[in-house]
Amino acid sequence: MPSRPRPKPKILIVLHQENSSPGRVGHMLIEEGFDLDMRRPPLGDALPETLDGHAGAVVFGGPMSANDEDEFVRRETDWLNVPLRENRPFLGICLGAQMLANHLGGKVEGHGEGLVEIGWYPLKATEAGRKLMHWPEMVYQFHREGFSLPKDATLLATAETYPNQAFRYGDNAWAIQFHGELTRAMMQRWVVRGAHRFELPGAQPGRDHLGGRLIWDMHLKRWLGEFLQTIFGKQAAR
């Protein structure tokens, strides 16, 4: 009898709204040979007590704050002990990065002068980041809060308004403040639904979001593919 095909390794995908999508991250992980196990804690989905059945996890962004008192925010932040304890590959994006910073004893707070990053902004890799890979010069942002660098974490990329943009903690935990996962359709949806935020200090008008995409997105996409392979690639090979 022919042998059954081996099941694909699964990546836990944590989303925070009913219509949220893992976007380009999801597409790239599927191309790398993973299945996606999507959970939405705000809608009542439970998170696994162990990642023994997963090759890693990605926690995405959302409109809430990592400092909110909602039960799911506290529960999800506490749950980050699972990938850390089990040394499983983990990536936090925006809110996910801020939750990781909180979990590790850092602080999540807004800019002292009320500035936000909503649009395309310059990014600069640190020496540790440059040793790891080539980083994009411009990245897409959509946030009103940033995080301090947790103790024993390694800063990988920085920026002017919010200096902590990417860090690594231990062997397998990674965090980025900016967004590389947006497809064109996702960006158009964010620009429409988030238009009221373009009046905030430091935010860019909607036309610049889509115009900047034509210039910088190809570089951001290339970086994202390399970054995901750095985090999850060896797991896919297994």
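Good morning. Helices in this talk are DSSP runs of at least four residues, numbered from the N terminus. The structure before you is a predicted model.

I begin with one such helix, H7, which covers residues 206-237. Trp223 and Phe227 both belong to H7 and stand four residues apart, about one turn of the helix. In an α-helix there are 3.6 residues a turn, so residues three or four places apart point the same way. What is the arrangement of the rings of Trp223 and Phe227? Their centres are 4.6 Å apart and their planes meet at 20 degrees; planes under 30 degrees apart count as stacked, so this pair is stacked. Both Trp223 and Phe227 are buried.

Let me stay with the aromatic residues for a moment. The count of aromatic pairs in the model comes to twelve. Another of these pairs is formed by Tyr140 and Phe142, whose ring centres lie 6.4 Å apart. The planes of Tyr140 and Phe142 are at 50 degrees, so this pair is described as tilted. Tyr140 is buried, at a relative accessible area of 1%. Phe142 has a relative accessibility of 12%, and the limit for a buried residue is under 20%, so Phe142 counts as buried too. Tyr140 and Phe142 also take part in a cluster: ring pairs link them with Trp120, Trp190, Phe198 and Trp216.

I turn now to the sheet. The model has an open sheet of eight strands with mixed pairing, in the order E2-E1-E3-E4-E12-E11-E10-E7. Which strands stand at the edges? They are E2, residues 35-39, and E7, residues 124-125; each has a single partner strand, so one side of each is left without a neighbour in the sheet. Elsewhere in the order, strand E4, residues 90-93, pairs with strand E12, residues 173-176, in the parallel sense over four bridges. Phe90, for instance, has Ala173 of E12 as its bridge partner. Packed on this sheet is helix H4, residues 95-103, which touches strands E3, E4, E11 and E12. The direction of H4 makes about 115 degrees with that of E4.

Next, a residue from the loop between E2 and E3, namely His54. Is His54 buried or exposed? With a relative accessibility of 7%, His54 counts as buried. Its side chain makes a polar contact, at 2.8 Å, with the side chain of Asp37. Leaving aside residues up to four places away in sequence, His54 touches Lys10, Ile11, Leu12, Asp37, Arg39, Pro48 and Arg88.

A further loop, between E10 and E11, holds Pro163. Pro163 has a relative accessibility of 44%; partly exposed residues lie between the 20% and 50% limits, so Pro163 falls in that class. Apart from residues up to four places away in sequence, Pro163 touches Leu155, Ala157 and Thr158. Pro163 and Leu149 are 14 residues apart in sequence, and their C-alpha atoms are 9.3 Å apart in space.

I close with helix H6, residues 184-193. Which residues of H6 are buried? They are Met186, Met187 and Val191. Viewed down the axis of H6, these buried residues fall within an arc of 135 degrees, so they line one face of the helix. The face turned away from that buried side carries the exposed residues Val192 and Arg193.

Thank you for your attention.

How values were computed. Residues numbered from 1 in each chain as written. Predicted model: local features only at pLDDT ≥ 70, side-chain atom pairs only at ≥ 80, totals over all residues. Heavy atoms only, no water. Pairing = 2+ DSSP bridges. Helix = DSSP H or I, 4+ residues; strand = E, 2+ residues; numbered from the N terminus. Contact = heavy atoms within 4.5 Å. Axes fitted to C-alpha atoms, helices over the stretch in contact; angles between N-to-C directions. Phe/Tyr/Trp six-rings, centres within 6.5 Å; stacked < 30°, edge-to-face > 60°. Buried < 20%, exposed > 50% of the residue type's maximum accessible area, 1.4 Å probe, protein only. Polar contact = N/O pair within 3.5 Å; in protein donor to acceptor, adjacent residues only side chain to side chain. Arc of directions from axis to C-beta.
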